[in-house]
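Student: Please take a close look at one single part of this structure and describe with care how it is put together. What is the order of its strands, and what packs on them?

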Amino acid sequence: MHVVSREEMRNIDQYTITHIGLGGPVLMENAGRAVYAALEPECKAGDRICVVIGKGNNGGDGFVIARMLFDSGAKVSTWLAADPQKISGEAANHMRAYCACGGTLLRISDEPETFQQQLDRADWIIDALLGTGIHGAPYPADQQVIRWINASKGTVISVDLPSGVPANGEAFDHPAVLADQTMTLECPKLAQFMQPAARHFGTVRVLPIGIPNKAYQQVGVQRELRMRSDVVRTLPVRDPFSHKGNHGKGLLIAGSKNMPGAAFFSAKAALRSGIGLLKVSVPEVIQPILAAQLPETMYLPRVQVALDGASGVGIGPGLGRDAREEELVCRLVEESDTIPCVIDADGLFHLRNHLDLLPKRHKPAVLSPHPGEMALLTHSSVQDVERDRFGISKAFAEKYQVYLVLKGKATLVTAPDGRQIVNPTGNAAMAKGGSGDVLTGILLAFLLQHEQMMDAVSNAVYVHGAAAEELAAREHSLLDVLASDLIEAIPPVLHQLYDEKTCR
Ligand SMILES: NC(=O)C1=CN([C@@H]2O[C@H](COP(=O)(O)OP(=O)(O)OC[C@H]3O[C@@H](n4cnc5c(N)ncnc54)[C@H](OP(=O)(O)O)[C@@H]3O)[C@@H](O)[C@H]2O)[C@@H](O)CC1
Ligand SMILES: [K+]
C-alpha cells in the first residue's frame with residue numbers, strides 16, 4: 001500500500017481523471033460510497049448522524065455520504081460550512097444530486113445554535129469539512145466549526161483527513177478535528193505518521209476508491225506501508241538440507257562493563273531470529289556473566305576483535321562511549337565492506353564524525369537510530385528530525401548510501417535509492433531501555449537469511465513491533481514489557497507468520 005504526499009495524491013487523482021478516464025465525479029462517488037459502506041454496519045437503527053460539509057472536494061465526498069444515508073432512511077442532518085453558490089465542479093454535481101434526491105441542506109452560518117444542538121445530540125459526526133486541499137490554518141469560520149466538532153460527544157468520523165490537519169504532516173498549532181476514526185481515501189497520507197498530526201487521526205481505515213496502479217507508477221510514488229502479506233511473502237524459507245553455516249555467521253560487538261545486558265539482548269534476539277552461528281565480542285570482565293546466561297553463543301575478547309570468517313556484523317548496543325571504541329567501530333565498518341553491517345546505539349555515536357566511510361562500502365550498511373541519534377548524525381535537533389522524518393531520512397540514506405531505520409511510532413526504513421517503507425507494527429510498550437538492542441539482533445539475523453536487504457530490514461522491524469503487540473494482546477500491559485519479554489515473543493510471532501506462509 002502506497003503512502004503519499006499531498007502533491008502526489010493530487011497528481012494521482014489528476015492522472016486517473018485525465019489519462020485513465022475515470023472522471024472526478026466517479027472517484028468522488030466511489031469515495032463517498034466506500035465511507036458509507038464502512039459506516040453503515042456500525043450504525044444502529046435510529047442513530048442520529050450529522051454530516052458537516054466544506055466547500056471543496058472533501059465536502060463533495062460528504063454530499064455522496066449524505067445522499068446515501070438519506071436514501072437508506074437514516075436520521076441524517078447535512079450542514080454546510082460554505083456558501084452553496086461557491087461550491088463548484090464535482091462537489092457541485094454531488095450537491096445537486098443530494099438535493100434532487102430530496103435531501104435538505106442547512107447552512108451553519110444561518111443557524112449556528114441549531115447546528116451546535118444537533119452536533120451535541122448526534123451519535124455520529126461525519127467530518128467532510130476539509131481534506132488534502134487546505135493551505136495553512138483553516139479560515140476562522142472553519143476553525144470555529146472544528147472547535148464545535150471537537151466539543152461534541154458523538155463519534156467523529158473524518159473523511160480522508162481530520163479537517164485542519166495538513167496532509168504532509170507539517171507542524172501546526174491551529175485547531176484541527178480530533179477524530180475517533182479517520183477513513184482515509186485510497187492510501188495513507190504522510191500526516192498519519194508525523195507528529196503532532198498523527199494524534200488527530202484516531203483509528204485509521206484505508207478505503208480503496210478505484211485508482212489503478214498505473215497512476216501510482218506514473219507519478220513515481222516511492223513510499224509504501226509494509227503489509228503483513230509482504231512479510232509473509234518474503235520471509236526466508238529454510239532448506240531442509242541446510243546446516244548452521246547456511247544461516248549466517250554473525251559477529252556482534254556489543255556490551256561494556258556497565259551495560260552487559262545490551263549484548264545479551266542483541267545476541268539472544270539474533271538467535272531467536274534464526275541466525276546459524278553467533279560470536280559475541282564483549283570486554284573480558286563481563287564474558288562469564290553472559291556465557292552463563294547465553295550458552296548458545298561463542299565469545300571473543302574485545303581486544304581480539306577480527307571478522308574472522310563472519311558473514312555479517314552488528315556493532316554498537318551497550319558498547320559505551322570510550323574513545324578507544326571509536327577506532328574499533330571505524331575499522332570494522334571498513335573491514336566488513338562486503339558483508340552486512342548493522343550499526344546502532346553507541347556504534348552510531350562513534351561513527352558520527354566518520355560518516356564518509358559509509359558510501360565507500362560495497363554492501364550498504366544498516367543504521368538504526370532513534371530520533372535523538374538521528375539528530376546527532378545530522379547535526380540537528382530531535383524537533384528538526386520529527387518535523388521531516390521522511391525528507392531527512394531520504395536525504396541521509398541517499399547521501400551515505402545506507403539503509404536507514406529511523407525508529408519511532410511508525411518506524412521508517414529508507415533504502416540507499418530513496419525507497420521508503422513505513423512499519424505499521426509496535427506500541428508504546430517498546431518505549432523502554434533494551435528494545436533497540438533487540439532490534440539490532442533481529443536485523444543482523446534477518447540480513448543473513450534474506451535475499452533482499454530491504455526485505456530483511458523491513459521484516460526485522462515488523463517482527464520487532466509485532467512482538468510488542470503480541471505481548472500487549474495477551475498477558476502484558478503497555479507498562480510492564482521488558483526487552484527480554486520482547487525476545488521471548490519473537491517465537492510466537494514467527495510461528496504465526498510461517499503458519500500463514502504455509503497456508504497460502
Ligand atoms: N478528484 C479528486 O481530486 C478527488 C478528491 N477527493 C477528496 O477531495 C479532497 C481534496 O479536495 P480539494 O483539493 O478540493 O480540497 P479540500 O480539502 O476539500 O478543501 C479545499 C477547499 O478549501 C479551501 N481552502 C484552502 N485553504 C483553506 C484554509 N486554510 N481554510 C479553509 N479552506 C481552505 C479551498 O478553497 P479556496 O478558499 O482556496 O477558494 C478549497 O475549496 C480530498 O481530501 C478527498 O476528500 C475524493 O473525492 C476523491 C477524488
Ligand atoms: K475531513
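Tutor: What follows is one connected description of the part chosen.

The model is predicted, and local features were accepted only at pLDDT of at least 70, side-chain atom pairs only at pLDDT 80 or more, whereas totals for chains, interfaces and linings use all residues. Residues are numbered from 1 along each chain as its sequence is written, while chains are lettered from A and ligands numbered from 1 in the order in which they are written.

UniProt, in an unreviewed entry, places the feature "domain: YjeF N-terminal" at residues 9–217; its positions are given in the numbering used here, feature names are shortened, and annotations may be inferred rather than shown by experiment. Over residues 9–217 the chain is 39% helix and 17% strand, with the end C-alpha atoms 12 Å apart; here helices (H or I, at least four residues) and strands (E, at least two) are DSSP runs, numbered from the N terminus.

The sheet to consider is open and has 7 strands, paired in parallel in the order S3-S2-S1-S4-S5-S6-S7, where two strands pair if DSSP finds at least two bridges between them. Its edges are strand S3 (105–107) and strand S7 (203–207), each of which pairs on one side only, and from one strand to the next the twist averages 25°. At the S7 edge, strand S6 (residues 181–185) pairs with S7 in the parallel sense over 5 bridges, and Thr-184 has Val-206 of S7 as its bridge partner.

Helix H2 (residues 24–39) packs on this sheet, touching strand S5 (155–159), S6 and S7, and its direction makes about 130° with that of S7. Contact requires C-beta atoms, placed from the backbone, to lie within 7 Å; axes are lines fitted to C-alpha atoms, for helices over the stretch in contact, and angles run from 0 to 180 degrees between N-to-C directions.

A helix pair completes the picture: helix H3 (residues 57–71) and helix H4 (residues 89–100) pack at an angle of about 20° with their axes 8 Å apart, and H3 and H4 are therefore roughly parallel to each other, a class that takes in angles under 35 degrees. Among the residues that make this contact are Gly-59, Gly-60, Phe-63 and Arg-67 of H3, together with Ala-91, His-94 and Tyr-98 of H4. H3 passes H4 in a left-handed crossing, the near helix being turned anticlockwise from the far one by less than a right angle.

Key. Contact = placed C-beta atoms within 7 Å. Parallel < 35°, antiparallel > 145°, perpendicular 65-115°, else oblique.
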